[in-house]
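Biologist: I should like to understand how the terms used for a protein model are justified. Would you take me through them one by one?

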Amino acid sequence: MTTYDSMDSRNLILLTNCEIYTKNPTIAGCNNILIAGNKISDIFYAPPGKHTVPERCIEIDCFRNLVIPGINDAHIHLLSSAAVMNQHSMHSIHPKDYDMIAKTLAFIKTKHNQSEWIGAYGLDDRFFLDQNFDSQWLDKFAVNEPVFISNETGHAIILNSKAMQMLHISQTDDSLLHGVMDVAGNGELTGKFFDLNSAIFHKINAFTNQFNADNNLPKLFTKLHQKGITSVQDAGHNNKIDKLQRLSLITDVNAIRIGLMIGCNIQNINDLASIHQEIDTNMVKFIGLKIMLSEATGDYLPAKSELEYLVKLSNSKNFRVAVHAVEEQAIDMTLDAFSSAHKFYPDIINRIEHCSEYTDSVIEKAKTIPFYSVTQPGFILHRGDYYIEAHPKDKHNDLYPLRTMQETSHVLAFSSDSPVIPPNPWDGFISAQSRNTLRGNQLGTSNERLTFNEIVDCYTTNGAIVEGSQDIKGTLAVGLLADLAILDPSCIGRSNPTLLTILNGNIVWDSEALVLTLH
Ligand SMILES: [Zn+2]
């Protein structure tokens, strides 16, 4: 029999009649969870209808639905995800389908005020490789209004002539030196820009408030709560230290828990080391340093020796490193860097983001080095058809082999990489369970599927481990933070299964399918 302190003035919520997701045998048979303030204060069994409800407590009858720890999207780009909420998605347009771009632009124009910009995102990369796709082509469909369209990964963007003119973009623009301005045979700009998206958005945001990310953050947080998400990890490789402060000002107590990575360079490592004690705020926490390892003109940057140096320096200050590594060669280089740092700093486990081309040779090396793998099962669903088209069949098993990744990395955690794909863990659930693509193809073998429980772990407990927060969240246990979601598992694969979400002890999303009683 559980007794309550009736003088308890904290928020009290009692979940009754629930199935509890746990690996702990002492909790396994329980059906009640008591939340006091922002923590789980009790988990216990009471025969149905026989539980005592403390005074001034909200009782939630869960109708035997499943309670899981709040979902942690372990790799997301928060501000870009907020910025695209006022843009039109072009994800579903097939490569070469120029008619559909024209139709979409025409459709947007009908819902549009004349002075407004037309902004779109998520267009297939292959359009950007086509010489005929340029600003003049866009002008045919929008000549009086400025237009931008960015690609799936947010690394390329195209502007129409009006937009270039309004932003005063020219080939001698100093602010656009750190990327590629595409130039046609006649020496004119084509309107396509590579690795200049953030510089161009900086200009657009100076011009109009239409795509201001900060304004959209509350809307984005609600969208995440609706999916059962209570924590995200922002993986921006350009993140500066002041973003900790900026996000904590925006994030009110009920919004979302943010694990923030900061761009890995010598200056940031040293600055962080000197202020480390003071940088965690209520909802925003520094979780490690991010390195973007990508191929430019045939060579990987940073180069192997610099990568090893940065990992070692970070680890020497007790910081975890997260390396963006997609291709086999990048993963191989990263594992070597982790291996050499591990000899000096064996207590720190670093992470690989994406880890997409997980080939046999990489797997053999991976078995010998402890690392966390943070990947995106939703890419199988959203981009799987493209992978199947672009890669020979014998390579399909190398792409996101989730079971092998789980078996050979220390911990496997899941994420969306939003806005590359929508921040929807239930898409990821479908592909991790089935390996199915949007068009119903299967990517790779069925052996690489994961079970329901394994996927829940990858989205909850493991997400907390890879950010180093497993002592405060990520499982349902007395004393841990009251971040949780109530699911109707029978909806998974058909619709959003989230019935109610609690974050920091507060109800942040309620589908109204459950019965709430105030005592
Ligand atoms: Zn990313």
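**Terms and their grounds**

Modeller: Let us begin with histidine 354, whose place is in strand E20. The model is predicted, so local features need pLDDT of at least 70 and side-chain atom pairs count only at pLDDT 80 or more, whereas totals for chains, interfaces and linings use all residues. Residues are numbered from 1 along each chain as its sequence is written, and side-chain values use heavy atoms, with hydrogens and water left out.

Biologist: What makes E20 a strand?

Modeller: Strands (E, at least two residues) and helices (H or I, at least four) are DSSP runs, numbered from the N terminus. Strand E20 covers residues 351-354.

Biologist: Why is histidine 354 called buried?

Modeller: Buried means under 20% relative accessible area, exposed over 50%, and partly exposed in between, with a 1.4 Å probe and protein chains only. Histidine 354 has a relative accessible area of 3%, and therefore it is buried.

Biologist: Which residues does histidine 354 touch?

Modeller: Contact means heavy atoms within 4.5 Å. Not counting residues up to four places away in sequence, histidine 354 touches ten residues' worth of neighbours that include His75, Tyr400 and Asp417.Biologist: How do you know which atoms are donors of the zinc ion?

Modeller: Donors are N, O and S atoms within 2.8 Å of the metal (3.2 Å for Na, K and Ca); water is not among the atoms, so sites may look incomplete. His75 (NE2), His77 (NE2) and Asp417 (OD) lie 2.1 to 2.2 Å from the zinc ion and are its protein donors. In sequence these donor residues are spaced H-x1-H-x339-D. Histidine 75 has 1% relative accessibility and therefore counts as buried.

Biologist: Is tyrosine 400 buried or exposed?

Modeller: Tyrosine 400 has 2% relative accessibility, so it counts as buried. Tyrosine 400 lies in the loop between helix H12 (378-390) and helix H13 (402-408), and has a positive phi of about 50 degrees although it is not a glycine.

Biologist: What makes strand E20 and strand E21 a pair?

Modeller: Two strands pair if DSSP finds at least two bridges between them. Strand E20 and strand E21 (residues 372-375) have three bridges, in the parallel sense. Serine 373 is the bridge partner of isoleucine 352, and valine 374 stands opposite glutamate 353.

Biologist: In what order do the strands of the open sheet stand?

Modeller: The order of the eight strands is E7-E14-E15-E16-E19-E20-E21-E22, with parallel pairing. Strand E7 (71-76) and strand E22 (411-414) each have a single partner strand, so they stand at the edges.

Biologist: What makes a set of residues a nonpolar core?

Modeller: A nonpolar core is a set of buried Ala, Val, Leu, Ile, Met, Phe, Trp, Tyr and Cys residues joined through side-chain atoms within 4.5 Å. The largest has 79 residues, and Leu78 and Phe414 have the most contacts inside it. Helix H10 (residues 328-344) gives the most to this core, with seven residues.

Biologist: Why is this core said to lie between domain 1 and domain 2?

Modeller: Domain bounds come from an automatic or database domain assignment. Domain 1 (7-64 + 476-519) and domain 2 (72-77 + 212-469) both give residues to this core, and therefore it lies between them.
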